[in-house]
Amino acid sequence: MSDLIFRKDGTAQGVAKQRLIESLAKPDKRIVYDPYAENFVLGAGIIKLMGHKLSVWLTKKFTPGFHEHLISRTRFIDDLIEKCAANKVEQYVILGAGYDSRAHRLKLPSRVKIFEVDQSEVQEKKRSKLPDDIPNTENVTYVSIDFNHQSIKDQLLNAGFGQNKSTVFTLEGVSQYITKEALTSTLNELAALTQNSNATFFMSYVNRLLREDPKSCFGKGYLKAEKKAVLIQNLAAKSGEPWISLYSAEEIEDLLSQNEFSLTENKTLADLNSEYFTPIGRTIPENHIFKLEHFVVAQSKSL
Ligand SMILES: C[S@@+](CC[C@H](N)C(=O)[O-])C[C@H]1O[C@@H](n2cnc3c(N)ncnc32)[C@H](O)[C@@H]1O
């Protein structure tokens with residue numbers, strides 16, 4: 001893909017595209033609704049013309065379960081954020097926010113201050129494409145960072161982050177793109193920032209088994225699982241954003257524990273299928289389950 005088209009935002013567009021596709025389904029047949037996704041997706045007009053069914057069918061031809069995987073990740077975090085907001089959380093930090101529009105599409109109480117953290121180029125593009133009348137902009141602060149080279153602690157404090165306020169952090173679809181050192185130092189700094197407050201931390205990670213035992217990262221009977229595993233990683237590399245860091249469950253649990261977080265949930269699409277898709281008649285068959293990425297929630301142990 002040309003650098004001129006995807007200036008650092010190729011993967012952010014990719015996720016927004018799946019949210020756009022899902023938003024085209026009828027209200028009682030969708031699990032996520034993101035009315036802003038279309039602003040960020042190249043070729044959004046064509047996708048809208050094709051509609052939900054045809055677009056999902058096309059994605060399925062490429063990789064069954066890929067669309068459902070990404071939108072269930074989004075829904076899982078939406079539910080978490082709404083739960084945290086109901087429990088009086090005061091700050092929400094979206095790490096690697098990309099074209100995430102939760103700040104605007106979830107009806108969060110005005111007490112929740114939102115910090116969107118990402119590369120400055122992606123943030124500039126995002127801000128130039130957001131509609132002028134979008135809700136809740138007054139509660140959003142943009143914080144630019146390169147996780148591989150900058151301190152999240154300094155950036156957040158400079159942006160007005162409150163160290164005594166209860167906070168939820170999400171790192172959605174990002175850990176595979178940054179170094180393991182960057183993830184470790186980010187977690188170290190988040191732990192230091194929240195040592196006197198309650199913190200909830202969500203992250204997704206790609207299972208290292210994708211390289212060692214690819215079949216185990218897909219449902220039983222998934223066609224050409226090994227080939228798909230290679231294809232997906234090649235596509236990411238070709239778009240200029242290769243998957244450089246994959247993790248085992250033990251590594252993630254240790255990393256969280258060393259930073260005073262205890263893991264409370266670790267899910268994949270296989271777990272969320274019955275929760276999200278079955279109730280709307282879209283149960284994903286076992287041979288279409290795509291579960292190479294895990295969704296993890298952890299709570300700070302500090303208080
Ligand atoms: C797959 S996108 C996910 C975006 C968003 N979380 C979502 O799910 O819609 C990955 C995001 O990570 C950001 N990212 C990747 N490497 C980064 C780095 N070194 N520093 C800061 N952000 C980075 C990208 O700019 C992009 O927005």
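Let us start at one small spot: Glu-260 is partly exposed, with a relative accessible area of 43%. The model you are looking at is a predicted one, and Glu-260 is a handy place to enter it. You will find Glu-260 in the loop that links α10 (249–258) to β6 (261–267). What is the sign of phi in Glu-260, which is not a glycine? The angle is positive, at about 65°. A little background helps here: most residues other than glycine have a negative phi.

Another residue deserves a look for its backbone angle. Lys-88 is not a glycine, yet its phi is positive too, near 70°. This residue belongs to the loop between α3 (66–86) and β1 (91–95). Is Lys-88 buried or exposed? With a relative accessible area of 57%, Lys-88 is exposed, since the cut-off for that word is over 50%.

Now let us turn to the ligand. The shell around the ligand holds 21 residues, and those that come nearest are Gly-96, Asp-118, Gln-119, Asp-146 and Glu-172. By type, the shell splits into nine nonpolar, six polar and six charged residues. Which atoms of the protein and the ligand lie 2.8 Å apart at Gly-96? On the protein side it is a backbone N or O atom of Gly-96, and on the ligand side a nitrogen atom. Gln-119 takes part through its side chain, where an N or O atom is 2.8 Å from an oxygen atom of the ligand. At Glu-172 the backbone is involved, with an N or O atom 2.9 Å from a nitrogen atom of the ligand. How much of the ligand does the protein cover? On its own, the ligand has 590 Å² of accessible area, and the protein covers 96% of that.

Which helix gives the most residues to this shell? That is helix α1 (residues 10–23), which contributes four. So it is worth following α1 along its length. The helix has 14 residues, and the distance from its first C-alpha to its last is 20 Å, close to the 20 Å expected at 1.5 Å a residue. Most of α1 is covered, with 11 of its 14 residues buried. Among them are Ala-12, Val-15, Leu-20 and Ile-21, along with charged residues such as Arg-19 and Glu-22.

Gly-10 is also part of helix α1. With a relative accessible area of 15%, Gly-10 is buried, because the limit for that word is under 20%. How far apart in space are Gly-10 and Gly-240? Their C-alpha atoms are separated by 8.2 Å, while their positions lie 230 residues apart in the sequence when counted as a separation along it.

Next comes helix α9 (residues 225–238), which has 14 residues. From first C-alpha to last, α9 reaches 20 Å, close to the 20 Å expected at 1.5 Å a residue. Its buried residues are Ala-225, Lys-228, Ala-229, Ile-232, Gln-233 and Ala-236. Why do these six positions belong together on one side of α9? They cover an arc of only 125° around the axis, and this puts them on the same side of the helix. The general rule behind such a pattern is that an α-helix has 3.6 residues a turn, so residues three or four places apart point the same way. Look at the other side of α9 and you meet Lys-227 and Lys-238, which are exposed.

Two neighbouring members of α9 let us compare degrees of cover. Ile-232 lies in this helix and is buried, with a relative accessible area of 8%. Leu-231 has its place in α9 as well, but counts as partly exposed at 34% relative accessibility. Both can be related to Phe-62: the C-alpha atom of Ile-232 is 9.7 Å from that of Phe-62, at 170 residues apart along the chain. For Leu-231 and Phe-62, the C-alpha separation is 9.8 Å, at 169 residues apart along the chain.

Our last stop is Pro-135, in the loop between α5 (120–129) and β3 (140–144). This proline counts as partly exposed, at 40% relative accessibility. Which distance separates Pro-135 from Arg-105 in space? From C-alpha to C-alpha it is 7.7 Å, and the two are 30 residues apart in sequence.

Terms used:
Residues numbered from 1 in each chain as written. Predicted model: local features only at pLDDT ≥ 70, side-chain atom pairs only at ≥ 80, totals over all residues. Heavy atoms only, no water. Near = heavy atom within 4 Å. Polar contact = N/O pair within 3.5 Å; in protein donor to acceptor, adjacent residues only side chain to side chain. Areas by Shrake-Rupley, 256 points an atom, 1.4 Å probe, with all protein chains shown as cover. Helix = DSSP H or I, 4+ residues; strand = E, 2+ residues; numbered from the N terminus. Expected span 1.5 Å × (residues − 1). Buried < 20%, exposed > 50% of the residue type's maximum accessible area, 1.4 Å probe, protein only. Arc of directions from axis to C-beta.
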